[in-house]
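Biologist: I have a new structure for us to explore together. Let's take it one question at a time.

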Amino acid sequence: MPESEVMEAPQIFVERTLALIKPEAVDKAEEIEEIILQSGFTILQKRRVHLTPEQTSDFYAEHYGKMFFPSLVAYMSSGPIIAMVLARDNAIACWRELCGPTNTNKARETHPDSIRALYGTDDQKNAVHGSDSQYSAEREIRFMFNDSIVEPIPAGQAAKDYLTKVVNPTLLRGLTELCKQKPEDPITWLADWLISNNPNKPRIQEQCRVEEPM
């Protein structure tokens with residue numbers, strides 16, 4: 001094949017999105033989480049939280065001034081919710097598809113297997129929330145999990161290249177030494193070895209102390 005026709009494989013990144021299980025559906029959280037996992041998502045972080053009206057207003061700030069805003073704030077602060085960070089390829093679109101249409105009745109007609117069709121009751125009490133864009137996902141994840149670093153996770157060839165370059169050399173050394181030593185607890189031994197032989201571990205050089213003449 002001529003060089004001009006050689007195409008590089010596209011880099012695939014695992015995307016993250018925020019999912020909320022709303023107050024009326026919290027008692028069905030285990031069932032909803034099982035649907036999420038069966039749909040190819042990984043739950044990276046999860047917390048149960050009861051937002052104050054002020055926190056809820058901040059979270060839904062983009063809807064401020066709309067007719068439904070006061071009732072939305074009152075409803076979403078009326079009880080505990082479950083917040084989750086979901087990950088998979090094309091996570092934002094896939095999660096919104098799994099949620100189904102905002103209107104529960106429409107969801108039952110057009111997406112009968114969606115979460116809103118199964119667990120929602122009306123437009124507002126529609127069981128779940130999902131970020132609608134990359135920008136919203138980043139903002140909402142940081143709002144619910146302020147220690148999160150929201151960056152694309154490399155997958156496919158990009159992940160393989162990273163592991164080959166950065167991880168495998170040290171890991172192979174450790175596994176080779178593990179086979180030689182044959183410790184009783186190989187997992188703990190390898191963990192300790194990797195900590196001790198981490199090539200990125202900061203090295204502190206002791207400063208020479210010069211004694212002043214008396």
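Biologist: Which is Asp 123: buried, exposed or partly exposed?

Modeller: We decide by relative accessible area: under 20% is buried, over 50% is exposed, and in between is partly exposed (1.4 Å probe, protein chains only). For Asp 123 the value is 45%, so this residue is partly exposed.

Biologist: Before we go on, what is left out of the side-chain values?

Modeller: This is a predicted model, where local features need pLDDT of at least 70, side-chain atom pairs count only at pLDDT 80 or more, and totals for chains, interfaces and linings use all residues. Residues are numbered from 1 along each chain as its sequence is written, and side-chain values use heavy atoms, leaving out hydrogens and water.

Biologist: Thanks! Back to Asp 123: how far is its C-alpha from that of Thr 104?

Modeller: Asp 123 sits in the loop between H6 and S4. Its contacts (heavy atoms within 4.5 Å), leaving aside neighbours within four places in sequence, are Thr 102, Asn 103 and Thr 104. Asp 123 and Thr 104 are 19 residues apart in sequence, yet their C-alpha atoms are separated by 5.9 Å.

Biologist: In what order do the elements of the chain run?

Modeller: Helices (H or I, at least four residues) and strands (E, at least two) are DSSP runs, numbered from the N terminus. The chain has 9 helices and 5 strands. Starting at the N terminus, the order is β-α-β-α-α-β-α-α-α-β-α-β-α-α.

Biologist: Which element supplies the largest share of the largest nonpolar core?

Modeller: A nonpolar core is a set of buried Ala, Val, Leu, Ile, Met, Phe, Trp, Tyr and Cys residues joined through side-chain atoms within 4.5 Å. The largest one has 19 residues, and Ile 21, Ile 32, Trp 95, Ile 115 and Val 128 have the most contacts inside it. At least two residues each come from strand S1 (12-21), helix H1 (29-38), strand S3 (81-88), helix H4 (91-99) and helix H6 (115-119). The largest share, 4 residues, is supplied by H4.

Biologist: Why is S3 described as largely enclosed, and how many of its residues are buried?

Modeller: Strand S2 (residues 42-49) pairs with S3 in the antiparallel sense over 7 bridges; to count as a pair, two strands need at least two bridges found by DSSP. In this pairing, Arg 48 stands opposite Ile 82. S3 is largely enclosed by the rest of the structure because its buried residues number 7 of the 8.

Biologist: Which residue does UniProt list for "active site"?

Modeller: The record is an unreviewed entry, and such annotations may be inferred rather than shown by experiment. The residue lies in strand S4 (residues 128-130), and it counts as buried because its relative accessibility is 11%. Beyond residues up to four places away in sequence, it touches several others, including Trp 95, Arg 116 and Glu 140. The residue that UniProt lists is His 129.

Biologist: How many disulfides are there in the whole structure?

Modeller: Cys 99 is buried because its relative accessible area is 1%, whereas Cys 179 counts as exposed at 53%. A disulfide would be a pair of cysteine sulfur atoms within 2.5 Å. Searching the whole structure for them gives a count of 0.
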